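Please load the model in a viewer and keep the selection tool at hand. The tour below proceeds from one selection to the next and states what is found at each stop.

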Amino acid sequence: MRPRAKELGKESRAAEEPRGPGSSSHRRHRDPPAPARGRREAPHGTMQDEILLTPWREFPVEDSDPFAPPDEEKWDYILVSNIHEAGSKKEIKRKKFLDELSKKGFTIKKIEDKKLFYGVRAPNHIFRKYQWLLRNPDSRLQKPDDNHEVPVTTRIRIVNFILQNTVTADGEKLHDLMKKKVFEATFPLHEKEEIREFLKEHWARWREIFRQQPIEKIRCYFGEKVALYFAWLGWYTYLLGFAAVAGLVVFVAGITTFHSSQVSKEICEANSTIMCPLCDQKCPFWLLSDTCLYAKVTYMIDNEGTVLFAMFMAIWATVFLELWKRQRATVVTNWDLYRWDEDEEELAMDLINNLQHEPRHYQHSYFRSTILLLLVLLMIAVLIGIAHALVIYRVVATALFTQSSSEFVREQANMLAMVTGAVLHYCTIVIMTKVRGGQRVFPPAFPPPALPSPRASLLQVNRRVALFLCDLEKPRTFSQRENNFTVKIFTFQFFTNFSSLIYVAFFLGRINGHPGNYVRVAGRWRLEECHPSGCITDLFIQMAIIMLLKQTLSNMMEYLVPWVKHQVRRRCRRPKRRRMMLGEEEEAEDPCKRQWLSNYELDEVNIFSLFDEFLEMVIQYSFTTIFVAAFPLAPLLAFCNNLLEIRLDAIKMMRLQRRMVPRKANDIGIWLQVLEAIGILAVIGNGLVIAITSDFIPVQVYKYMYSPCMKGNNTGVDCTTGYINHSLSVFRVQDFEPYTKVPETLPDFVRNEIQECRYRDYRNADDYSYTVQFWHIFAARLAFLILFEHVALCVKLIAAWYVPDVPQSVKNQFLDRKHNDLRKELSMMEYSTEV
């Protein structure tokens, strides 16, 4: 007969009193024997435990091997506390919580150093109940006494759930005690096991950067949620390589035609075309040929290959998601999790923790949803307002740069305003979207969120607002809360990252008016204009700066901050060796102490740690697809970044951070719907970039309606000849506004000789109204946008239909499994009938 369970009782509380530095204590004690009705006779005369939902104190199962040596004991979780004064409120609260764990059969070990460390280990009957309740629903052949070893990841997940949902006599849970500084930290242990050493040597190494990831071993150590993240990131990076090659080919093709564009040639040769000044006071007239290099760079981006590449990326985004669905189906089928039910598992753990638990029912309120929608729209309006502030900065900066005493600053006023505006946009992104830090904001037990410190709150605006809105919704489960939070935070992050880009792409140079009637900010500073060669280069530079800063500075901080903190902790906590006296023997150190301290010195993780990684990659995916027509190198930058990101995250998780609490999952959750929404936005965004931002449509309209080729007898003439002169309107200098100071003229001209200047628009010279060409181009832009988006969306739908979400091998595997189970059931029925 197996020995009965041992529990920690009230009479052993004295064991918690400190017994000197470095001391440790095991807390156990016995309850009266359980009634015999909880036992049943086994076939061979031995007694076996019957798996029932019995109260904890009546469940007769040994919680650990009594013959295991102390240095080989495994501890599920570690609780860390400061050493409080005897009899203080914090000490009393700590004892009450530990007593509740003792009543549930937990074994607790205390080690005292500069802080108090409590190792907790759950009794085995908890995991046997879990196995019995969540056995394979497709096959009820499993018996209560069919025991299988519980994976370490499952042990940690169940123990974490019980710890988070254990309530003291004062009605407080663990997150309440942590807010009150009763406990400082809680974490599962990185243990010296074979799988961890394998991952450290063959995964968390820079030399493994081009090797396939050991997803199965990652799952065994970190759980399914983390494994699926790395499986998705690896698959995304693999397919991103094809997009990177295509984007590089388009960019190189643009470089090879650097000097062959007729449009850029006309700009470089326009040394007699006088352009209107770019500001009101000290800006001179200038020659169109001064922007020769800028025009050539524009043609590298804005050419016929851009349209094909935008269409390719729309198809790529669809194929990527469809192939990922197939990959995910194969992976989770191998894990036997394809039909896993998260709600069922959560209800099972609730019942295991508390047999009297009642499920929370779904709630919905139209009034609350209306308030929520209004608050979301208000937050979006604030983010758009920040984008408007960046626009105003660029306008004011341009005016100030043009009045500078430096000739270089005056000449490059527009470029400097654009570059500094992009850097300021990046700083805004950091301030609004900073999500590192702020621990325990989203505990699993659904309490109101514990807000970060005031200093941290300034760098987590979007997160705090999203959490507040999630609380208004009152979600039923952790997954529902996480999904709601994901949608809101991504929406806020999207507008934070892309509001300024949307302005540059679709509004810059189109709402600024024209000479003699400019649109002004505060009636003083006029809005920016597009360059005569187009606005797409502005969008290219803006995206290049933001992506480079995000992927270099962010990754450096993401790796260096945990590394520096880890090194500082190690140096500060390194003990000084005491000199031994003659004949004195060194006291043996508890083997657990070194392990617990080394884990405590690692960087803290929280419920947002994996969420942050997903969010970072999804935002990158947005940059890579939505405005890729203006930045063909985006996939290449993302591909190079992700090769480093995979190993960077692996090194962080294995060497610099505490062990994450494993989470079970069979997909990447709501992120898949977010990625599909981004795919649709990519079609719309790229169509708008080509139709509105690019000069592709005006050039085609000119080529087929107004070019020399349409007049006949012009064989050998480039059909775009004369496009630049055709796209520039004429303005009479005498019609400048009174506020505008007529600028100084060019040195090679006499001031009185300049009667007209040119500007980029399609307006009549007499009354400055739109010409017929403007409406032709407008109609062509609208027609192209409709055609492009419908074709791209149809291709996406065809690709989604053509590539099945679930491989046929997976479907056949389930079919064979059902067939075999039904055959077994039928054979058992016939056997019982014959008997």
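**First stop: tyrosine 704**

Select tyrosine 704, which counts as exposed because its relative accessibility is 54%; buried means under 20% relative accessible area, exposed over 50%, and partly exposed in between, with a 1.4 Å probe and protein chains only. Tyrosine 704 lies in helix H23 (residues 696-705). Helices (H or I, at least four residues) and strands (E, at least two) are DSSP runs, numbered from the N terminus. Add threonine 720 to the selection: the C-alpha atoms of tyrosine 704 and threonine 720 are 9.4 Å apart in space, at a separation of 16 residues in sequence.

**The whole chain**

This is a predicted model, in which local features need pLDDT of at least 70 and side-chain atom pairs count only at pLDDT 80 or more, while totals for chains, interfaces and linings use all residues. Residues are numbered from 1 along each chain as its sequence is written, and side-chain values use heavy atoms, with hydrogens and water left out.

Display the full protein chain, which contains 26 helices and 17 strands. Of its 835 residues, 52% are buried. Contact means heavy atoms within 4.5 Å; among contacts between residues at least 6 apart in sequence, 79% join residues at least 24 apart.

**Two buried residues**

Select methionine 275 in strand E10 (residues 274-275). Its relative accessibility is 2%, so methionine 275 counts as buried. Arginine 760 is 485 residues away from methionine 275 in sequence, yet the two C-alpha atoms are 9.1 Å apart in space.

Move next to threonine 318, in helix H10 (residues 304-334). Threonine 318 counts as buried, because its relative accessibility is 5%. Which residues is threonine 318 in contact with, leaving aside its neighbours within four places in sequence? They are Lys796, Ala799 and Ala800.

**Helix H16 and its buried face**

Select residues 461-473, which form the 13-residue helix H16. From first C-alpha to last, H16 reaches 19 Å, close to the 18 Å expected at 1.5 Å a residue; the expected span is 1.5 Å times one less than the number of residues. Colour Asn462, Arg463, Ala466, Leu467, Leu469 and Cys470, the buried residues of H16. Viewed down the axis, these buried residues fall within an arc of 165°, so they line one face of the helix; the arc is that of the directions from the helix axis to the C-beta atoms. Lysine 474 follows H16 and has a positive phi, near 55°.

**Two helix pairs**

Two packed helices are described by the angle between their axes and the distance between the axes. Axes are lines fitted to C-alpha atoms, for helices over the stretch in contact, and angles run from 0 to 180 degrees between N-to-C directions.

Select H12 (residues 366-402) with H17 (residues 478-506): their axes are 9 Å apart, and the helices pack at an angle of about 30°. H12 and H17 are therefore roughly parallel to each other, a term for angles under 35 degrees. Residues of H12 including Leu372, Val376 and Met379 meet residues of H17, among them Phe492, Phe495 and Tyr503.

Finally, select H20 (residues 609-625) and H22 (residues 671-693), whose axes come within 9 Å and cross at roughly 20°. H20 and H22 are therefore also roughly parallel to each other. Their contact includes Phe611, Phe614 and Tyr621 of H20, and Trp671, Ile678 and Asn686 of H22.

How values were computed:
Angles under 35 degrees count as roughly parallel, over 145 as roughly antiparallel, 65 to 115 as roughly perpendicular and the rest as oblique.
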